[in-house]
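Colleague: I have a new chain open on my screen and would like to talk it through with you. Could you take my questions as they come?

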Amino acid sequence: MELKTARLTVLVDPAKKKAFETLCTRQDVTPSQVVRRLIHDYLVHHGVSFVPSGLNRDDDLAVES
């Protein structure tokens, strides 16, 4: 898990935001968890390798694509 975080502000239609938050609640996940997973999957899908903040490149948790 990452040791540091950064804020990302996203503007969305209020109706979509409400529907998203409602679905997240039903699935017992936070909107932040879902967005972090979407970003992770998007990076992996496009072959972008990264090391989660706070980890060294030698750590086993580094994501390689």
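What follows is a chat about this predicted model.

Colleague: Let's start broad: how many helices and strands does the protein chain have?

Modeller: The secondary structure of this predicted chain comes to two helices and zero strands. The helices are α1, covering residues 14-26, and α2, covering residues 31-45.

Colleague: What span should α1 have, and what does the model give?

Modeller: With 13 residues at 1.5 Å a residue, α1 should span 18 Å, and its end C-alpha atoms are indeed 18 Å apart, which agrees. For α2, which has 15 residues, the reach from the first C-alpha to the last is 21 Å, close to the 21 Å expected.

Colleague: And what caps the N-terminal end of α1?

Modeller: That is D13, which places a side-chain oxygen 3.0 Å from the backbone nitrogen of A15.

Colleague: Changing topic, how many salt bridges do you count?

Modeller: The count comes to two. One joins the side chains of K17 and E21, with 2.7 Å from N to O, and the other joins those of D41 and R37, at 3.3 Å from N to O.

Colleague: Where do K17 and E21 sit relative to one another?

Modeller: Both lie in helix α1, four residues apart, which is about one turn of the helix. The D41 and R37 pair is likewise four residues apart, in helix α2, and is separated by about one helical turn. As a general point, side chains of opposite charge can pair when their charged atoms come close.

Colleague: Are K17 and E21 buried, exposed or something in between?

Modeller: K17 counts as partly exposed because its relative accessible area is 42%, a value between the 20% and 50% cut-offs. E21 is also partly exposed, with a relative accessible area of 30%.

Colleague: What about the D41 and R37 pair, buried or exposed?

Modeller: Neither word fits, since D41 is partly exposed at a relative accessible area of 37%, and R37 is partly exposed at 48%.

Colleague: Now the loop: what is the phi of D28?

Modeller: Phi of D28 is near 55°, a positive value in a residue other than glycine. Most residues other than glycine have a negative phi. D28 lies in the loop between α1 and α2, and at 71% relative accessibility D28 counts as exposed, because that value is over 50%.

Colleague: Which residue takes a positive phi just after α2?

Modeller: G47 does, with a phi of about 70°.

Colleague: Let's look at the surface, then: which residues form the nonpolar patch?

Modeller: The patch is formed by L8, V10, V12, V35 and I39, which together have about 430 Å² of accessible area. V12 sits in the segment before α1 and is partly exposed, with a relative accessible area of 48%.

Colleague: How much of the protein chain is buried?

Modeller: Buried residues make up 9% of the 65 residues in the chain. The accessible surface of the chain comes to about 5,900 Å², of which 56% belongs to carbon and sulfur atoms.

Colleague: Last one, what share of the contacts comes from residues 24 or more positions apart?

Modeller: Among contacts in the protein chain with a separation of 6 or more, residues 24 or more positions apart account for 22%.

Notes. Residues are numbered from 1 along each chain as its sequence is written. This is a predicted model: local features need pLDDT of at least 70, side-chain atom pairs count only at pLDDT 80 or more; totals for chains, interfaces and linings use all residues. Side-chain values use heavy atoms; hydrogens and water are left out. A salt bridge is a side-chain nitrogen of Lys or Arg within 4 Å of a carboxyl oxygen of Asp or Glu. Buried means under 20% relative accessible area, exposed over 50%, partly exposed in between (1.4 Å probe, protein chains only). The expected span of a helix is 1.5 Å times one less than its number of residues. Patches are made of residues with over 30% relative accessible area and no salt bridge: like charges are joined within 9 Å, nonpolar side chains (Val, Leu, Ile, Met, Phe, Trp, Tyr) within 5 Å. Accessible areas come from the Shrake-Rupley method with a 1.4 Å probe; for residues, only the protein chains shown count as cover. Contact means heavy atoms within 4.5 Å. A polar contact is a pair of N or O atoms within 3.5 Å; within protein, one must be able to donate a hydrogen and the other to accept it, and residues adjacent in sequence count only if both atoms are side-chain atoms.
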